[in-house]
There are 2 protein chains.
Amino acid sequence: MADENIVYIGRKPTMNYVLAVVMQFNSGSDDVIIKARGRSISTAVDVAEIVRNKFVQEAKIKDIQISTEQLTGDEGRTSNVSSIEIFMSK
Amino acid sequence: MADENIVYIGRKPTMNYVLAVVMQFNSGSDDVIIKARGRSISTAVDVAEIVRNKFVQEAKIKDIQISTEQLTGDEGRTSNVSSIEIFMSK
């Protein structure tokens, strides 16, 4: 699966990411991966739910993986942050 | 599976919920379900990751389900909120 099928969730409005996922599906992709870390995880779930309930009804949640990533801050300290990958397909 | 195996994530500190899940496993449960809605979804993922990385190493994420729940506000308006269920087992 190519990189362009991944939608990274950040701090923009939720609908921006919904649109990004919908456009992936409409441009011929059968699979889209939604990735997020930390507080954005809730938004990632919102995006997946809005896409499949409102825009791409044939899209399904194929798998959801969670993991922990280590981030190194400016001062060299490391902190753990949770992440999520939501695999959608139609 | 009985109701007492469910840990609902709210607005308390993350470690409160980590402790609740660890106590479930230590009291003999082989399965614990972590449930959360809205902004608490991120905390639910944190709880699952901290439990399996730090406290109950043999615990695994068996399944993750996401869905949309309809909430009715004080004024009778309904709003949609995303929810997550993380099924852990050891």
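**Figure 1. B:Glu49 and its partner B:Arg52 in helix α2 of chain B.** In this predicted model, B:Glu49 has a relative accessible area of 2% and is therefore counted as buried, since buried means under 20%. The side chain of B:Glu49 meets that of B:Arg52 in a salt bridge, with a distance of 2.5 Å from N to O. Side chains of opposite charge can pair when their charged atoms come close. The two residues, B:Arg52 and B:Glu49, stand three residues apart in helix α2 of chain B, and they are therefore separated by about one helical turn. B:Arg52, for its part, has a relative accessibility of 23% and counts as partly exposed.

**Figure 2. A salt bridge between two strands of chain B, formed by B:Lys35 and B:Glu85.** The closest N and O atoms of B:Lys35 and B:Glu85 are 3.3 Å apart in this salt bridge. B:Lys35 belongs to strand β2 (residues 31-37) of chain B and B:Glu85 to strand β4 of chain B, so the pair ties together parts that are 50 residues apart in sequence. B:Lys35 is partly exposed, at a relative accessible area of 23%, and B:Glu85 is also partly exposed, at 25%.

**Figure 3. Salt bridges between chain B and chain A.** Two salt bridges are counted between chain B and chain A, while the structure holds twelve over all chains. In one of the bridges between the chains, the side chains of B:Asp46 and A:Arg39 meet at 3.3 Å, taken from N to O. B:Asp46 lies in helix α2 of chain B, whereas A:Arg39 lies in the loop between β2 (31-37) and α2 (40-55) of chain A, so this pair joins two chains. B:Asp46 is buried, with a relative accessible area of 18%. A salt bridge is also found between the side chains of B:Arg39 and A:Asp46, where the N to O distance is 3.3 Å.

**Figure 4. The side of chain B that touches chain A.** Between chain B and chain A, 15 residue pairs are in polar contact, both residues of each pair being at pLDDT 80 or more. On the side of chain B that touches chain A, at least two residues are supplied by each of α2 (41-55), β3 (60-72) and β4 (78-89) of chain B. The largest share of this side, ten residues, comes from α2(B). By character, the residues of this side of chain B divide into eight nonpolar, nine polar and five charged. Seen from both chains, 22 residues of chain B are in contact with 22 residues of chain A, and the two chains bury about 1600 Å² between them, 50% of it on carbon and sulfur atoms.

**Figure 5. A:Ile86 in the largest nonpolar core.** This core has 46 residues, and those with the most contacts inside it are A:Ile84, A:Ile86, B:Ile84 and B:Ile86. When residues up to four places away in sequence are not counted, A:Ile86 touches several residues of chain A, including A:Val32, A:Ile34, A:Val45, A:Ile61 and A:Asp63, as well as B:Ile66 of chain B.

**Figure 6. The surroundings of A:Asn5.** A:Asn5 is found in the segment before β1 (6-8) of chain A, and with a relative accessible area of 12% A:Asn5 is buried. The side chains of A:Asn5 and A:Ser29 are joined by a polar contact of 3.0 Å. Leaving aside neighbours within four places in sequence, A:Asn5 is in contact with A:Gln24, A:Ser29, A:Asp31, A:Val32 and A:Ile33.

Notes
Residues are numbered from 1 along each chain as its sequence is written. Chains are lettered from A and ligands numbered from 1 in the order in which they are written. This is a predicted model: local features need pLDDT of at least 70, side-chain atom pairs count only at pLDDT 80 or more; totals for chains, interfaces and linings use all residues. Side-chain values use heavy atoms; hydrogens and water are left out. A nonpolar core is a set of buried Ala, Val, Leu, Ile, Met, Phe, Trp, Tyr and Cys residues joined through side-chain atoms within 4.5 Å. Buried means under 20% relative accessible area, exposed over 50%, partly exposed in between (1.4 Å probe, protein chains only). Contact means heavy atoms within 4.5 Å. Buried area is the accessible area (1.4 Å probe) that two parts lose on being put together, summed over both. A salt bridge is a side-chain nitrogen of Lys or Arg within 4 Å of a carboxyl oxygen of Asp or Glu. A polar contact is a pair of N or O atoms within 3.5 Å; within protein, one must be able to donate a hydrogen and the other to accept it, and residues adjacent in sequence count only if both atoms are side-chain atoms. Helices (H or I, at least four residues) and strands (E, at least two) are DSSP runs, numbered from the N terminus. Ala, Val, Leu, Ile, Met, Phe, Trp, Tyr, Cys and Pro count as nonpolar, Asp, Glu, Lys and Arg as charged, and the others, Gly among them, as polar.
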